[in-house]
Amino acid sequence: MLRAPLLAAARSRRMRKLVEVVPATRSVVSRFVAGSKTPDAARVVRELADDGLRVTLDHLGEDTTDAEQAATTVRAYEELLSALAADGLAFGADVSVKLSAVGQFLPADGEKVALENARKICAAAEAVGATVTLDMEDHTTTDSTLGILRELRTEYPWVGAVLQAYLRRTEQDCRELASEGSRVRLCKGAYAEPEEVAFQDKSEVDKSYVRCLKILMQGKGYPMVASHDPRMIAIAEKLAMDADRKADDHEFQMLYGIRPEEQRRIAGDGKTMRVYVPYGDEWYGYFMRRLAERPANLAFFLRGLATR
Ligand code: FAD
């Protein structure tokens, strides 16, 4: 019931101003966000690596219409990748990139700028043995993001992308992307989407997730199972076994701060577990989507405010 208003608030500049000035917000946000600067992110990567967990890092930010801001985001990824390399943490790491943060929505030549900027991040990643995965934003960006993915993969075949099981189109997208060398991160989907394009019932989304998982696990690509849902994880484990997949040809992924014990359990079982670690100052949209996913998080946030 609260999901729709929270997701609407995630896009509201007015709400953002209100939430950001509340002093207690920071301490709640720190449960989901690694910190604001590159060294904060590197420290968390080290801690997770010590526990046998891999990472994908997201420099927070989205929906920019400012070319300079997009260029700043590219520099932030370049700085992060060299800091990780200097600490011996870059090899096997991944960075997650929102194309709307690197120019996709610029009024002039947005897609072209986003492609060029994403290329620069891919070059920086390749130089240190890391990979890049394109996050998926709302459904109006899906075709554009998959088009840019295709372009990037001609030069960097290891670039991956997220697909969202709540979209009706995603089964077909999975079929098209379940090919040799193709890295697909399957999630349920975090945005408010209209009925015409997306399943609205949780059970419909879950069924779609399983159908998509089957296609990816039976395909020739590299499936990345991005979910905290115990049922989806159990089904993925069974499908991986049926398809004779080993720990190095698929992986599980969860968000930083969500079900951390389960993350360690999966890694402890000898499976590949990667944690999505967001960092940076632009945490508002990301944080609101996490509140929308789980009412208990909102209650935790409100209790934090009440005790100040
Ligand atoms: P749910 O059915 O939502 O949750 C299952 C259980 O997980 C819950 O019962 C609860 O125990 C736990 N849980 C779930 N969410 C939370 C939370 N916020 N706080 C605490 N516990 C929680 N979405 C996009 O639209 N685009 C992306 O690019 C994208 N990238 C992602 C990358 C990764 C690695 C992951 C893990 C998720 C990503 N998402 C993305 C978010 C995703 O779409 C879902 O919104 C989110 O993962 C919740 O769905 P779920 O599969 O965990 O299942």
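A residue counts as buried if 20 or more other C-beta atoms lie within 10 Å of its own, as exposed if there are 12 or fewer, and as partly exposed in between. That yardstick helps with two odd spots in this predicted model. Arg259 has 16 C-beta neighbours inside 10 Å, so it lands in the partly exposed class. Arg259 sits in the loop between S7 and helix H11 (260-268), and its phi is positive, about 50°, even though it is not a glycine. Asp244 is the other case: again not a glycine, again with a positive phi, here about 60°. Its place is the loop between H10 and S7, and with 8 other C-beta atoms within 10 Å, Asp244 is exposed. As background, most residues other than glycine have a negative phi.

Now for the ligand. The shell around it holds 25 residues, and Asp135, Cys187, Ala190, Ser227 and His228 come nearest. Strand S4 (160-164), strand S5 (183-187), strand S7 (251-255) and helix H12 (284-293) each put in at least two shell residues. S7 gives the largest share, with three. By residue type, the shell splits into 11 nonpolar, six polar and eight charged.

Helix H4 (residues 38-50) behaves as a helix should: its 13 residues, at 1.5 Å a residue, ought to span 18 Å, and the end C-alpha atoms are indeed 18 Å apart. Its buried residues are Thr38, Ala41, Ala42, Val44, Val45 and Leu48. Looking down the axis of H4, these buried residues fall within an arc of 165°, so they line one face of the helix. The spacing fits a general rule: an α-helix has 3.6 residues a turn, so residues three or four places apart point the same way. On the other side of H4, Glu47 and Asp50 are exposed. The buried residues of H4 pack against strand S1 (54-59), helix H5 (67-86) and strand S8 (273-279). After H4 comes Gly52, with a positive phi near 80°.

Helix H9 (residues 202-218) passes the length check too, since 17 residues at 1.5 Å each should span 24 Å and the end C-alpha atoms are 24 Å apart. Buried in H9 are Ser208, Tyr209, Cys212, Leu213, Ile215, Leu216 and Met217. Their cover includes S4, helix H8 (170-177), S5, strand S6 (222-226) and helix H10 (230-242).

As for annotation, an unreviewed UniProt entry places the feature "domain: Proline dehydrogenase" at residues 43-300. In the model, that span is 48% helix and 16% strand, and its end C-alpha atoms lie 26 Å apart.

Definitions and conventions: Residues numbered from 1 in each chain as written. Predicted model: local features only at pLDDT ≥ 70, side-chain atom pairs only at ≥ 80, totals over all residues. Near = placed C-beta within 6 Å. Helix = DSSP H or I, 4+ residues; strand = E, 2+ residues; numbered from the N terminus. Nonpolar A, V, L, I, M, F, W, Y, C, P; charged D, E, K, R; others polar. Expected span 1.5 Å × (residues − 1). Arc of directions from axis to C-beta. Contact = placed C-beta atoms within 7 Å. UniProt positions renumbered as here; feature names shortened; annotations may be inferred.
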